[in-house]
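Thanks for coming. I will go through one structure today, starting at the ligand and working outwards to the sheet and the helices.

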Amino acid sequence: MPAALEVMQDKSHQPAAMAPSLHGWDAPTPMHKRMDGKVAIVTGGARGIGEAIVRLFVKHGAKVVIADIDDAAGEALAAALGPHVSFVRCDVSVEEDVERAVERAVARYGRLDVLCNNAGVLGRQTRAAKSILSFDAGEFDRVLRVNALGVALGMKHAARAMLARRTGSIVSIASVAGVLGGLGPHAYTASKHAIVGLTKNAACELGAHGIRVNCVSPFGVATPMLINAWRQGHDASAADDADADIDLDIAVPRDEEVEKMEEVVRGLATLKGPTLRPRDIAEAALFLASDDSRYISGHNLVVDGGVTTSRNLIGL
Ligand SMILES: NC(=O)c1ccc[n+]([C@@H]2O[C@H](COP(=O)([O-])OP(=O)(O)OC[C@H]3O[C@@H](n4cnc5c(N)ncnc54)[C@H](O)[C@@H]3O)[C@@H](O)[C@H]2O)c1
């Protein structure tokens, strides 16, 4: 055999570092259990996108604490999903509640690996409330307290619980309204921009401790939040009713409303074909929560079929 070929076939000279582990492929996580053994808290996990995240995390082997203000829905979901899921009442805008939710997860399961800051409110949708000329300062404050302060408090208490183990993943649900103007009410848009900024800043600080911080920005998903906003938009009396409250008044969406909303979103989308569903947002959250994204931090994963990346002004 020619000497050159002998050298090529003789692998004894290759350092051990050439083994697959160098490239991170030594112990692939089975695709169906990407959260095996991990402990997660999902805020606002009782319904909508949060519920989809809870279900997917559990499917992938996680133990999950649902932290929500809707006791009935949260308790029912936890009971339906079995012994690895529990519910804790938690208003994310109240620091003691957030601290208690983290303590509960650590006491029950021994540690915290993942926090998903999903809880959020859209804010009042009346014509007056939507205008910068007439918005109510108290309502603006309420939306910011839930959507922005709630996320910051979650980061604070989750990171404290993660510090000692020098690992952890914090995933917050922002919005396309945190990327572009004109996609949501003023307070909501300000709060979602705040989440994107907080994510980058917290990633900057917590990276030194091995903790990753990212966010996911969905386009329109036909959840109770969006359907109620749409109902108000089509109901002239509600649009002028100063007492109508989009977030507190949410009824279970009817199938035909979900279909109609999905049709509206499909019409607005750049990417034609698929319909954006809660499961798509849950898959993005799962990726950022799991070790599959172990070198990604400070990132905003926009799940919008390209809506915020382009505007077809030249007839492409
Ligand atoms: N649906 C969409 O089109 C869409 C688009 C972009 C971003 N988002 C974001 O996704 C997240 C989930 O939205 P959704 O559409 O599932 O909404 P949803 O209203 O259907 O569900 C929200 C959940 O959060 C809970 N919640 C509300 N206030 C809370 C508080 N103070 N503390 C704890 N829990 C609270 C509710 O009880 C509910 O279970 C929100 O942050 C929302 O802003 C939604």
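Let me begin with the ligand. In this predicted model, 28 residues surround the ligand, and the closest are Gly44, Gly48, Gly120, Thr223 and Met225. What is the shell around the ligand made of, by class? There are 14 nonpolar residues, 10 polar residues and four charged residues in it. Two helices to keep in mind here are α2, residues 48-59, and α8, residues 224-234: each supplies at least two residues of that shell. Both will come back later.

Now the sheet. Seven strands form an open sheet, and the pairing is parallel. If you want to trace the strands on the screen, the order across the sheet is β3-β2-β1-β4-β5-β6-β7. Which strands are at the edges? They are β3, residues 85-89, and β7, residues 300-303, and each of these pairs on one side only. From one strand to its neighbour, the turn is 20° on average, direction ignored.

For one pair in detail, take β1, residues 39-43, and β4, residues 114-117. These two strands pair in the parallel sense over three bridges. Within this pair, Ile41 stands opposite Leu115 in β4.

Back to the first of the two helices. α2 packs on the sheet, where it touches β1, β2 (63-68), β3, β4, β5 (168-173) and β6 (211-218). The direction of α2 makes about 170° with that of β1.

α2 also packs against a helix, α11, which covers residues 278-289. The angle is about 55° and the axes are 8 Å apart, so α2 and α11 count as oblique to each other. The crossing is right-handed. On the α2 side the contact has Gly48, Ile49, Ala52, Ile53, Leu56 and Phe57; these meet residues of α11 including Pro278, Arg279, Ile281 and Leu286. By class, the contact of α2 with α11 has 10 nonpolar residues, one polar and two charged. Note that Gly48 appears in this contact and is also among the closest residues to the ligand.

Next, the other helix from the ligand shell. α8 packs with α10, residues 255-268, at an angle of about 85°, with the axes 10 Å apart. What does that angle make them? The two helices are therefore roughly perpendicular to each other. In this contact, Leu226, Ile227 and Trp230 in α8 meet Glu257, Val258 and Met261 in α10. Five of the residues are nonpolar, none is polar and one is charged.

The last pair is α6, residues 137-162, with α7, residues 186-206. Their axes come within 9 Å and cross at roughly 15°. Angles under 35 degrees count as roughly parallel, and α6 and α7 are therefore roughly parallel to each other. The crossing of α6 and α7 is right-handed. The α6 residues in the contact include Phe140, Leu144, Val151 and Met155, and the α7 residues include Tyr188, Ile195, Leu198 and Leu206. By class, this contact has 16 nonpolar, two polar and two charged residues.

To recap, the ligand has 28 residues around it, with α2 and α8 each supplying at least two of them, and α2 packs on the sheet. That is all I have.

Notes. Residues numbered from 1 in each chain as written. Predicted model: local features only at pLDDT ≥ 70, side-chain atom pairs only at ≥ 80, totals over all residues. Near = placed C-beta within 6 Å. Helix = DSSP H or I, 4+ residues; strand = E, 2+ residues; numbered from the N terminus. Nonpolar A, V, L, I, M, F, W, Y, C, P; charged D, E, K, R; others polar. Pairing = 2+ DSSP bridges. Axes fitted to C-alpha atoms, helices over the stretch in contact; angles between N-to-C directions. Contact = placed C-beta atoms within 7 Å. Parallel < 35°, antiparallel > 145°, perpendicular 65-115°, else oblique. Left-handed = near helix turned anticlockwise from the far one by under 90°.
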